[in-house]
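Open the model in your viewer and keep the selection tool at hand. We will go from one stop to the next, and at each one you will hear what to select and what is there.

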Amino acid sequence: MSRPESRAVTRADSIRLAGRELSGLDARGWRQVRGKEMAMIFQEPSTALDPVFTAGSQIMWVLRRRRAQTRKAAAGEALRALEAVGFPDPEEVFNTYPHQLSGGMRQLVMIAMAMVVRPQVLIADEPTTALDVTTQSLVIEKLAALQREQGTAILLVTHDLGVAARCCRQALVMYCGRLVEEAPYAQLFREPRHPYTRGLLRAIPRIGVGHPAAIEAIPGRIPSLSEWPVGCHFAARCERADDECRKHFPPTVEIGASRVACYHPLGGSS
Amino acid sequence: MLSTQPPALLQVKRLGKQFPARGGLFSTRRPPRTAVEDVSFRIEKAQIYGLVGESGSGKSTLGRCILQLLRPDHGQVLFQGQDLCATSSRELRAVRQKLQIVFQDPLAALSPRRTIWQSLQEPLEQFEPGHRDAWRPRCEAVLEQVGLDREILPRLPQQLSSGQRQRVAFARAMLTRPELIIADEAVSALDVSVQAQILDLVKALRDEHCVAFLFISHDLAVIAQVADQVGVMFRGRIVESGTRAAVFGNPAHPYTRELLSAVPDPDPEVAFRPLRSGGLSRHAGVRGCVFAGRCPHVMDRCRLAQPPAVALEPGTTHRVECLLYE
């Protein structure tokens, strides 16, 4: 087996969780961290849940393994978790197999499962992308409740700035593998510093009453992995790019509360 | 019904489609599942009709029924006056020249082992055999219409970006000089920056080549961006329809309002107060209004029969299937 992931090399100078260095951990050490201190939910909950076990038994399994609970205690807590994420009939859902649930309900089961381990960090990778807007709003609400009530930090990965606006305080913008801008979300929305961030904000269709606000596409296309350029990855699509941008990846500079990797940031001095 | 309207490019009348229930091995008595029920609407020449609804609402089934890729159980599909439901498969071939479809995933729609040039020749073989010499210039002209360079002709689909591939899919649809293109979630898989490019393309094809679109999407913001006329689907029915300004500016059906309220705006200062009725309910009512099980304004009579479509204001196209507006 040589899947690309298994051949991939991950390098990090440092990954710290609550002050503890994780980057040197071996597989065994990581297993202790995953699912206990850090949990993750995915875009497609149907592939993350085991089809042959009921929703309740899968949450119980996590509790018994991660928190060494007895069957009885685990069953009780699993039920409470299902209720907490908003199921009006937790007992019924407890005994339900994943295929009997809708996509949104499966995602809520995943959130319940993440909740019971009380992680310090939850990575939510496009958790609402496969859901209808009405269900999406429910999942957003439950994630916010998890953060508020258990103090869980959430790294929300999304392509939908509307979802980010509802969930996030701090926002990081990535383009082709690199972080191009970081700022408090409201700041990012009002005053984007990186030309890509501004382009992204202008390209989003929004519901304007009566007449739609015109959207503006970013010209060009996203380079594929094999053709990432040497300099700034956005240079080929950027109206502000010059020779310097095409030669070197720009260093990160701070402008007010924003950090931006750009030689010619918007509203900057240069 | 008034019949003084000029003939539409496409007129769908009381279309219905059911699928047999997937019975288990031994149970065959479950009732069939209704995917599309009693749907009527019209699309004029060079109009973009946006069809919006959540997954499973029957949007795609409706698109396929119009093309007769699925034969509807009842109703009529009048395309330029001809009822496609009563047209034989053989005769449909000629009609399909004027009626094209573009799908969500161009990688699945384009053969991975054929170059773009080979894929583009397929509709020409079908509709313009004998004019081989004209194929190449025709393809190049169409590529230009969709904003692609002729250099991509010898490439394979996987050598193109997702946006370029979707442009190829539109180019292939445009080759036959269609009157109507059904775009089924055609921008849903694209990055927003590229999605905006494809939406511009759709508008340009409409403006410059007078193509009408049935634009199917689950994304209300996308529909708000391109559509002239909007239909909101829920469980197989168009529960509300009207001009974009009417449906988005003055939503009437409780479902439309719920949908609109649930779209998060990227501006953090825009209030987000999603209306939510029993979104997690797994039980649907069998009779009455399709939305009755989730509707916050439900009345006893809503559960008796499906409300008929009523015009909100006389003389407008804004129609809603809801007893609140009787």
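How many residues of chain A are in contact with chain B? Colour by chain to follow the answer: 38 residues of chain A are in contact with 37 residues of chain B. Here, two residues are in contact if their C-beta atoms, placed from the backbone, lie within 7 Å.

A word on the model before you click further. Residues are numbered from 1 along each chain as its sequence is written, while chains are lettered from A and ligands numbered from 1 in the order in which they are written. The model is predicted, and local features need pLDDT of at least 70, side-chain atom pairs count only at pLDDT 80 or more, and totals for chains, interfaces and linings use all residues.

**Stop 1: the side of chain A that touches chain B**

Select α8 (133–150), α9 (161–167), α10 (185–190) and α11 (195–203) of chain A; these are the elements that give two or more residues to the side touching chain B. Helices (H or I, at least four residues) and strands (E, at least two) are DSSP runs, numbered from the N terminus. The largest share of this side, six residues, comes from α8(A). By class, the side has 23 nonpolar, 10 polar and five charged residues. For these classes, Ala, Val, Leu, Ile, Met, Phe, Trp, Tyr, Cys and Pro count as nonpolar, Asp, Glu, Lys and Arg as charged, and the others, Gly among them, as polar.

**Stop 2: a helix pair across the two chains**

Keep α8(A) selected and add helix α10 of chain B, residues 254–262. The two pack at an angle of about 45 degrees, with their axes 8 Å apart. Axes are lines fitted to C-alpha atoms, for helices over the stretch in contact, and angles run from 0 to 180 degrees between N-to-C directions. α8(A) and α10(B) are therefore oblique to each other; angles under 35 degrees count as roughly parallel, over 145 as roughly antiparallel, 65 to 115 as roughly perpendicular and the rest as oblique. To see the contact, show A:V133, A:T134, A:Q136 and A:S137 of α8(A) with B:E258, B:L259 and B:A262 of α10(B). This contact has three nonpolar, three polar and one charged residues.

**Stop 3: the two domains of chain A**

Now hide chain B and colour chain A by domain. The domain assignment gives domain 1 (25–168) and domain 2 (169–270); such bounds come from an automatic or database domain assignment. Taken over C-alpha atoms, the centres of the two domains of chain A are 32 Å apart. Four residues of domain 1 are in contact with seven residues of domain 2. On the domain 1 side of this contact there are four nonpolar, no polar and no charged residues.

**Stop 4: helix α7(A) and two partners**

Select helix α7 (residues 103–116) of chain A together with helix α5 (residues 71–84) of chain A. They pack at about 125 degrees, with axes 9 Å apart, which makes α5(A) oblique to α7(A). A:E77, A:A78, A:A81, A:L82 and A:A84 in α5(A) meet A:A112, A:M115 and A:V116 in α7(A). By class, seven nonpolar, no polar and one charged residues make up this contact.

Swap α5(A) for helix α4 (residues 55–66) of chain A, which packs with α7(A) at about 20 degrees, with axes 9 Å apart. That makes α4(A) roughly parallel to α7(A). On α4(A), look for A:A55, A:Q58, A:I59, A:V62 and A:L63; on α7(A), look for A:V109, A:A112, A:M113 and A:V116. Eight nonpolar, one polar and no charged residues form the contact of α4(A) with α7(A).

**Stop 5: the open sheet**

Which order do the four strands take? The order is β6-β7-β9-β8 (chain A), with antiparallel pairing in an open sheet. Two strands pair if DSSP finds at least two bridges between them. Select β6 (170–175) and β8 (252–255) of chain A to see the edge strands, each pairing on one side only. From one strand to the next, the twist averages 20 degrees.

Next, pick A:R259 in β9(A): A:E182 stands opposite A:R259, and A:E254 is a bridge partner of A:R259 too. β8(A) and β9(A) pair over four bridges. End at A:G256, in the hairpin of β8(A) and β9(A) with two residues between the strands, where A:G256 takes a positive phi near 60 degrees.
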